[in-house]
Amino acid sequence: MRQSWTIFKKEFRAYWASPIAYVVLVVFLLIEGYLFIDRLFLNNLATMRHFLEGTGEFLSGTPFIFVLLPPLIAMRLFAEEKKSGTIELLITLPVKDEEVVFGKFLASAAFLSIAVAILFIYTFIVAAIGDLDWGPAIGGYLGLFLMGLMYLAIGMMTSVWTKNQIVALVVALLISIALYALGTQDFLKDKPSWTAFATSVSSYAHFKSLARGVIDVRDILYYVTAIAICLFVTAASLGARNWERGWKTGWVAALSIVLIAANLVAFNMVVARAKPMRLDLTKNGSFTLSPASKKFFEKLEDQLTLRAYVTENMPAPLDRFVTYLKDVLEEFENASAGRVRVEIVEPKGEKERKEAEGAGIRMGKAAVVRDDKQLSENVFMGLVMAYADKKETIPWLPDEAGNDPERPLQFLEYEIARRIKAMTLAETKGKKKKVLGIVAGGLAAQLGTEELSRNLGQFYEFRTIDIKAGKKIEPEIEALLILAPTDPLHEREKFEIDQFIMRGGRAAFFLTNIRPTNPRQQPGQPPINLWGQNDDGLRDVLKHYGVEIKPGLVLDQVALTIPVPAYATIGQRRMQVMIRKAFPLLPIVGNLGDLMRQFRATAQAPLLFPFTGEVAATADARDRVEVLNVAKSSPASWKYDSAFIMMGPQLDLEDPLPREVGQVLAEEETLKENEMARIEIAERVLRRTSREFTKDKKEFFDKLEGMLKDEIGAVGAVKAGDALAKKLLPKVREAFQRRGPFSLGVALKGKFKSYWENTAARPVPKAPDPAKPEDPRMPPRREKVEADPNPPPVVKESPLTQILVVANGLMVTDGVLQFTRSKQGEELSNFEFALNLVDWLMLEEDLMQIRNAGEAAAQLKVVESGTKTTIRVVVMVLFPLLVLVAALVLSMLRKMKSDREIALLSSGS
C-alpha cells in the first residue's frame with residue numbers, strides 16, 4: 001500500500017505540472033456552467049435533476065460530458081510511460097503491478113473528484129434561491145462520480161495497451177460511449193428487443209436511478225464490478241511482459257482475465273435480478289412505500305393478486321416505466337407479508353391479449369424508429385387487481401390525449417391503495433360509497449366538472465345537487481364542492497348550505513371575484529370582453545364563519561407563460577410575432593401552506609391559480625377555530641382592485657410601481673426633458689425596494705424614505721432629491737401596501753356558529769317560487785327576501801367539521817385539470833390537489849398520507865435580474881477564473897522552487 005501511495009503522489013503532482021489539465025478543467029467548467037444556468041432559469045425549479053440527469057437522449061448534457069472527461073484524464077497514465085520508456089524503470093522497481101495500477105487510479109480519481117466537487121457547489125446556489133430536495137442532488141452527484149470512475153478505469157485499461165495517447169483516448173471513448181448509449185432513448189427507440197439487455201449493462205441506465213435520489217445496491221454493484229474488471233484487466237495487461245517466458249504462461253494469464261471478468265459479469269446479472277435493496281434519499285421518501293400504504297395490507301382478509309400485463313422489450317422511454325412498475329409491485333409484495341401476490345404477464349399470444357383486453361387493458365401504440373422510418377408498435381401496459389370476487393383495472397398506457405405518460409406511474413402507489421380500499425369497502429356489508437355533492441354554477445358549469453367524477457367515480461359517488469326552491473341537501477351527502485357561482489345565491493340556498501355545515505357536513509368553496517359582463521356593443525365596433533366584480537351572495541356567510549374574501553384580483557410575476565403578440569422590425573418591415581411571456585393573471589403558486597403539507601401528493605408541487613383573489617381569516621377566527629393556510633402568492637405579486645377588468649391588450653398587466661414613479665417624475669420641472677434620468681430613477685427605486693421588501697412591512701416603510709433619497713441622489717442629473725423623495729414616498733408606500741405575498745386560500749377546522757343562530761334578527765328566508773320566472777331585464781335575484789312563515793328547525797352550532805375557501809372558481813374545473821395533466825403543464829399539480837382535497841373532505845386521511853413517486857420540485861424564489869447576472873458571472877466566469885489563478889500560482893511556486901534548487905547547486909559547485 002505504501003508503494004501505491006508513493007505512485008499516487010507522483011501521478012497527482014504530474015497532473016498539475018502540465019497546462020493541459022488546467023485547460024481541460026476550464027473547458028469542462030465552461031460547458032457545465034452553461035448547462036447549469038440554461039436549465040436552472042429555463043425550468044425555474046429548485047432541482048438539480050434537469051442538470052444532472054439530462055433528457056435521456058444521447059447528447060443529454062452532463063452525463064454525456066462525463067463520458068468525455070475521464071478518458072481525457074486517463075489517456076496519459078500508461079501510454080506516456082511507454083512512449084518515454086519510463087515504463088521499463090517502473091516495472092523493474094520492487095512494486096507489484098496491482099500497486100502501480102491502484103496508485104495511478106487513485107491519482108486520476110482525485111483529479112476527477114476535484115471537478116465533481118466544483119460542480120457540487122452548484123447545489124448551494126440552488127438551495128440559496130429555492131427549497132432544494134438534497135436527496136436527488138446527492139444521488140445524482142454520487143452517480144456522476146461512480147460513472148466517472150468507471151470511465152477512468154476504462155481509460156486506464158486502453159492506455160496500458162498502447163504507446164499513443166490519442167489511440168488510447170479514441171478506444172476508451174468508443175467503449176465508454178457504447179456503454180453509455182445503450183441506455184439512451186436514441187439507441188433503444190429502434191431496438192426494442194435489446195431493451196432488457198441494454199439497460200442491464202448500460203452505465204446511463206444505472207445512473208438514472210441514482211439521479212432520482214434512490215441508492216440501489218444493484219446500481220452501486222454495477223459500477224464497482226465494472227471498475228474491478230477494468231482494473232484487473234489493466235493489471236493483467238501490465239504483467240503481460242511475463243508472457244514472453246512462454247506461450248503457456250500467456251494463455252493462462254489471458255484465460256484468467258476472461259474467467260474473472262465472466263464471473264464478475266455473471267455476479268452482476270444475478271444481483272440485477274435480485275430483490276431491490278434501496279435507500280431513498282428524497283425529502284419525503286417519494287420512492288418508498290409509505291406507512292399508510294402498508295396499513296391497507298393489514299385490512300386484507302383474502303389474498304390480493306396484482307397482475308401486470310406489460311409488453312417486454314418496450315421501446316424507450318416506456319422501458320423505464322416498465323422497470324419502475326415492476327419495482328413498485330415487488331415492494332408491495334415484499335411489504336404485504338404474503339397477502340399480495342404479483343404476476344407479470346406478457347401478452348405474446350392471442351390468449352393473453354384477449355385476457356388483457358377482457359380486463360379492460362386496451363392495446364396502445366408506441367412510436368419506434370426502424371430503418372430510419374417512424375413506425376408504431378402495439379404495446380400493452382396495465383394492471384389488474386383481483387380481491388375475492390372483485391376486480392379493479394388500472395389501464396395505464398401511452399396516452400392518446402397527449403397527457404404526460406409518466407404521470408400515472410408517479411401516482412401508482414396512490415392508485416393501487418385507492419382501489420384496495422374500494423374493493424375492501426365493497427366486501428363490507430352495508431357499506432356504500434361516500435357521496436360528494438357538487439354545486440356548479442356560472443363559469444364552472446361552462447368549463448365542466450367531469451374530470452373529478454371520471455377519475456374518482458369508483459371510490460366516491462358524485463352527485464350534482466339543486467338547492468333551489470328550498471330543496472334540502474340529502475342527508476347521505478357528506479361533503480360539498482361549491483364551484484364558481486356567478487349569480488347571487490338566494491338566501492334560502494345559503495340557508496341550506498349553512499344548515500348542511502351545522503349538521504357536520506364539510507364544504508369547499510371555490511369562488512370567483514369576477515364575472516363576464518356583456519355591455520351593449522356599438523355597431524361597427526369590435527366586441528368588448530369585459531369582466532366585472534362578481535357577487536355570489538356567500539361572502540357574508542363566510543365572514544360569519546371566519547373567512548373574508550377581499551375584492552379585486554391578485555396578479556403575480558411568477559405566472560404561466562403564454563404566447564402574446566409583439567412587433568419586430570426585420571429590415572425595413574415591421575412584423576407581428578408571437579413571444580412567450582408570463583401572464584400575471586395566471587399565477588403559478590409554489591408557496592404552499594400548512595394544509596398542503598397534509599396533502600402528500602402536492603406537498604411541494606406548484607399549483608395554477610387562474611384569475612385568483614385574496615382570502616384571509618378574520619381577526620377573531622383563530623380564537624374560535626384552527627386556521628390552516630392553503631397557499632400564498634409570491635412577493636412579486638400585487639393587487640388589481642379596479643371594479644372592471646378588460647381582457648386583452650387594453651389591460652396593463654405590468655408591475656404598476658415603475659409607471660407610478662414615472663408619473664411623479666414627469667411632473668418635476670428639472671426632469672421633464674430628461675427621460676433617461678426618469679427611467680434610471682424608476683429602475684433604481686424598483687430594484688432597491690424589491691430587494692429590501694420584507695414580511696415586516698413596518699420596518700420596511702420606516703426605511704423607505706431613506707432608500708428613495710439614496711437612489712435619487714445616485715442620479716447626478718437630479719436636484720433637490722430630498723424633496724422629490726417626499727413626493728415619491730406616498731406612491732411607493734401605496735404600491736407596496738398592495739404588494740404580496742397574499743393568502744389565496746384558507747381552511748378552517750372546528751365548531752361553527754350558524755349564520756342564522758339569531759333567528760329574531762335574521763329570520764329563515766322563504767324559498768323562491770319556482771313558477772315565478774325572473775325578469776331577464778333585471779339583475780338576477782334582487783327581489784326582496786321574505787321570511788318563511790313555516791321555518792324548518794334551525795341547527796345553531798355545528799359539531800367538529802371543516803371548510804375550505806379559495807377565491808378561485810376555476811382551478812379544479814375540467815379545463816384547468818386537463819391542462820395541468822398535459823405535458824405543457826407537467827410541473828403543475830392541480831389534478832393531484834383536487835384528488836387530495838376530495839380525500840380531505842371525505843376524511844380519508846390514510847389516502848392523503850400516501851406519497852407520490854418523484855414529487856415535483858419546488859419553485860425558485862423570485863430572482864431579480866441582477867441576482868441572475870451575479871449567478872451567471874460566478875458560474876461562467878469566477879469558477880474557471882479561479883482554476884486559471886490556481887494554475888498561475890502553482891506555476892510560480894514551481895518556478896521559485898526550481899530557482900532555489902539551481903541556486904543551491906550553483907553555490908555547492
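A residue counts as exposed when its relative accessible area is over 50%. That cut-off applies to the views below, which are taken from a predicted model.

**View 1. Pro475 in the loop between β10 and β11.** Pro475 has a relative accessible area of 79% and is therefore exposed. The flanking strands are β10 (460-464) and β11 (477-483). Arg503 is 28 residues from Pro475 in sequence, with the two C-alpha atoms 9.2 Å apart in space.

**View 2. A patch of positive charge on the surface.** The patch gathers Lys9, Arg13, Lys897 and Arg900. Two helices, α1 (2-17) and α33 (865-908), each contribute at least two of its residues. Lys9 belongs to helix α1. With a relative accessible area of 35%, Lys9 is partly exposed.

**View 3. The two faces of helix α15 (residues 291-298).** Ala292, Ser293, Phe296 and Phe297 are the buried residues of this helix. Because they span an arc of only 160° around the axis, they lie on the same side of α15. Lys295 and Glu298 are exposed, on the face turned away from the buried side. An α-helix has 3.6 residues a turn, so residues three or four places apart point the same way.

**View 4. Salt bridges of Glu705 with Lys709 and Lys726.** Within helix α28 (residues 697-713), Glu705 and Lys709 are 4 residues apart, which means a separation of about one helical turn. Their side chains form a salt bridge with an N to O distance of 3.8 Å. Relative accessibility is 22% for Glu705, which is partly exposed, and 30% for Lys709, also partly exposed. Glu705 also forms a salt bridge with Lys726, where the closest N and O atoms are 3.0 Å apart. This pair links distant parts of the chain, 21 residues apart: Glu705 is in α28, and Lys726 is in helix α29 (residues 721-737). Lys726 is exposed, at 51% relative accessibility.

**View 5. The salt bridge between Glu797 and Lys753.** The closest N and O atoms of this pair are 3.7 Å apart. Both residues sit in the loop between β25 (743-750) and β26 (801-806), so the salt bridge ties together parts that are 44 residues apart in sequence. Glu797 is partly exposed, at 41% relative accessibility, and Lys753 is partly exposed at 40%.

**View 6. A salt-bridge network of Arg307, Arg341 and Glu343.** These three residues are joined into one network by salt bridges that share partners. The structure as a whole holds 18 salt bridges.

Terms used:
Residues numbered from 1 in each chain as written. Predicted model: local features only at pLDDT ≥ 70, side-chain atom pairs only at ≥ 80, totals over all residues. Heavy atoms only, no water. Buried < 20%, exposed > 50% of the residue type's maximum accessible area, 1.4 Å probe, protein only. Patch = residues over 30% accessible without salt bridge, like charges linked within 9 Å, V, L, I, M, F, W, Y side chains within 5 Å. Areas by Shrake-Rupley, 256 points an atom, 1.4 Å probe, with all protein chains shown as cover. Salt bridge = Lys/Arg side-chain N within 4 Å of Asp/Glu carboxyl O. Lys, Arg positive; Asp, Glu negative; His and termini not counted. Charge placed at Lys NZ, Arg CZ, Asp CG, Glu CD. Arc of directions from axis to C-beta.
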